[in-house]
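Work through the three exercises below with the structure in view. Each task is followed by a solution in steps.

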Amino acid sequence: MARFSAPHLIKLAFSFGVPLLVLMMPSDWIPIDGLTVLQHRLLAIFLLAALLWVLEPVPVFATSILIIALELIMLSNKGLNLFRSGTSDHPFGELLPYTDILSAFSSPIIILFMGGFALAIAASKYELDSNLARVLLKPFGNEPRFIMLGLMLITAVFSMFMSNTATTVMMLALLTPIIASVPKGDIGIKALVLCVPIAANTGGIATPIGTPPNAIALQYLTGENTISFLEWMSMGLPFVVVQLAFAWWLLQKLFPSSLKNVNLRLDGRFQKSWQAWVVYCTFGGTILLWMTTSLHGMNTYVVSVVPLAVFTLTGIMGKEELKLINWDVLWLVAGGIAIGLALDKTGLAAALAHAVDYSTLTPFAVVLTLSIICWLMANFMSNTATANLLMPIAAAVASSMESLTQLGGVQGLLVVVAFSASLGMILPVSTPPNSLAYSTGLIESKDMAKAGIIVGIVGLAIVYTALLFLN
């Protein structure tokens, strides 16, 4: 009955009231030029998604399903007849193919998650997770804060050279036996869970290959603006170290553990059955394939199908194990993909990005504006899609403003935008690592929002400070 308590009803009323008000508002009142009817509708849906995901009056996966349903009904070419034509003086826009919206359920990201869940389920079944945790975390001792430091350092290092999502899958598998050693109700568990996605999202910033926004920035950094691998690391690695140190301190303050020591009970031995060996080899082989995609040609998503095929074929994962896959998280991720796709296809994301007249701003204001827009958008849509959208704008603005040379010119602006995209981690749908951490059931979206907002804002402040004083 708690779901229908007064606070929940107030949150529901507010969540639906604000988007409804925007939907009923004349397009001329919205400070975005040339807004089409479909973009106007999507703006209302976008606000509804943001409010429901942040306030959480209903489960977050339910919000995702609602968003997909609204897009199909109000924006697709097979939606309600009432919504397929415009009656106003404003341009209507092109309806989205309903198959594109439904394809969110079969996105490569969903397959990546399923492969990750398969690895975690098999690793837990044959105690690989606890044995790996014993080996990797033993040097960090038994204090909760140092266990968290170990988790963050290992996660960040792996994220520099392989998929952030794949790294999170592996590290959350190691976290399972640690959580089992912590008494239920200890708030410190939230810090242990949140430290993994924060470290994964942050660690990728250190190298050009660590996260897609970095690679996208490099596409525009050519000629005299070229940045080498080591030059990028000379900027990214110090930032990652400072950011991780702050996040480590922050999580201890936000979610302090009542324990001085944690008895990890990680004294077991590796099992020797043939099924266990299949799990060991598949786990290690999958990670190796993830780390060497440039050598064999298969991308991260294709590799993710391998453990699913191996485990189901050998019977390591049967019907009961398949039921253990976090289907609610897959729905949650599908909703995030659907909202990102609609923002891109309708042109609303581009309209939001171009809503600012950059020519009237000072050099630092340009950097600040593009960076904050990027950070805000990356919290609600793929940071890769956000970078793809904003990077050409940033490159064009930087090339046309000679005064930006005092802030690093094209290099400075594009690096800041790339960093900003990776700092968007407020919601479970913000990044795949966030969604995976949320799937543990040990944290709420408000916990993630609390930590993500502070980490994001402080990270942006560090970037701006470095830009001002190091150029």
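**Exercise 1.** Find which residues of α5 and α12 meet, and describe how the two helices pass each other.

Solution. The model is a predicted one. Start with the contacts: from α5, Leu112, Leu119, Ala122 and Ala123 meet Val279, Phe283, Thr286 and Trp290 of α12. Next, sort these residues by class: seven are nonpolar, one is polar and none is charged. Then turn to the geometry. Helix α5 covers residues 108–125 and helix α12 residues 274–291; their axes come within 10 Å and cross at roughly 145 degrees. The crossing of α5 with α12 is left-handed.

**Exercise 2.** Describe the largest pocket by its volume and its lining.

Solution. Take the volume first: the largest pocket holds about 1200 Å³ of space. Its lining is made of 47 residues, and Ile109, Pro212, Tyr301, Ser382 and Thr384 are the ones nearest the centre. By class, the lining has 22 nonpolar, 22 polar and three charged residues. Finally, ask which element gives the largest share of the lining. Helix α16 (residues 327–345) does, with seven residues.

**Exercise 3.** Decide whether Ile205 is buried or exposed, and locate its surroundings.

Solution. Ile205 sits in the loop that joins α9 (188–203) and α10 (212–220). Its relative accessible area is 0%, under the 20% cut-off, so Ile205 counts as buried. Beyond neighbours within four places in sequence, the contacts of Ile205 include Thr211, Asn214, Trp232, Phe239 and Leu423. As a last step, take the C-alpha distance from Ile205 to Gly284: 25 Å, with the two positions 79 residues apart in sequence numbering.

How values were computed:
Residues are numbered from 1 along each chain as its sequence is written. This is a predicted model: local features need pLDDT of at least 70, side-chain atom pairs count only at pLDDT 80 or more; totals for chains, interfaces and linings use all residues. Side-chain values use heavy atoms; hydrogens and water are left out. Axes are lines fitted to C-alpha atoms, for helices over the stretch in contact, and angles run from 0 to 180 degrees between N-to-C directions. Helices (H or I, at least four residues) and strands (E, at least two) are DSSP runs, numbered from the N terminus. A crossing is left-handed if the near helix is turned anticlockwise from the far one by less than a right angle, and right-handed if clockwise. Contact means heavy atoms within 4.5 Å. Ala, Val, Leu, Ile, Met, Phe, Trp, Tyr, Cys and Pro count as nonpolar, Asp, Glu, Lys and Arg as charged, and the others, Gly among them, as polar. On a 1 Å grid over the protein atoms alone, a cavity is a set of points where a 1.4 Å probe fits but cannot get out, and a pocket is an open set with protein on both sides within 12 Å along at least five of seven lines; lining residues have an atom within 4 Å of a point. Grid points are joined across faces, edges and corners, and a volume is the space filled by probe spheres set on the points. Buried means under 20% relative accessible area, exposed over 50%, partly exposed in between (1.4 Å probe, protein chains only).
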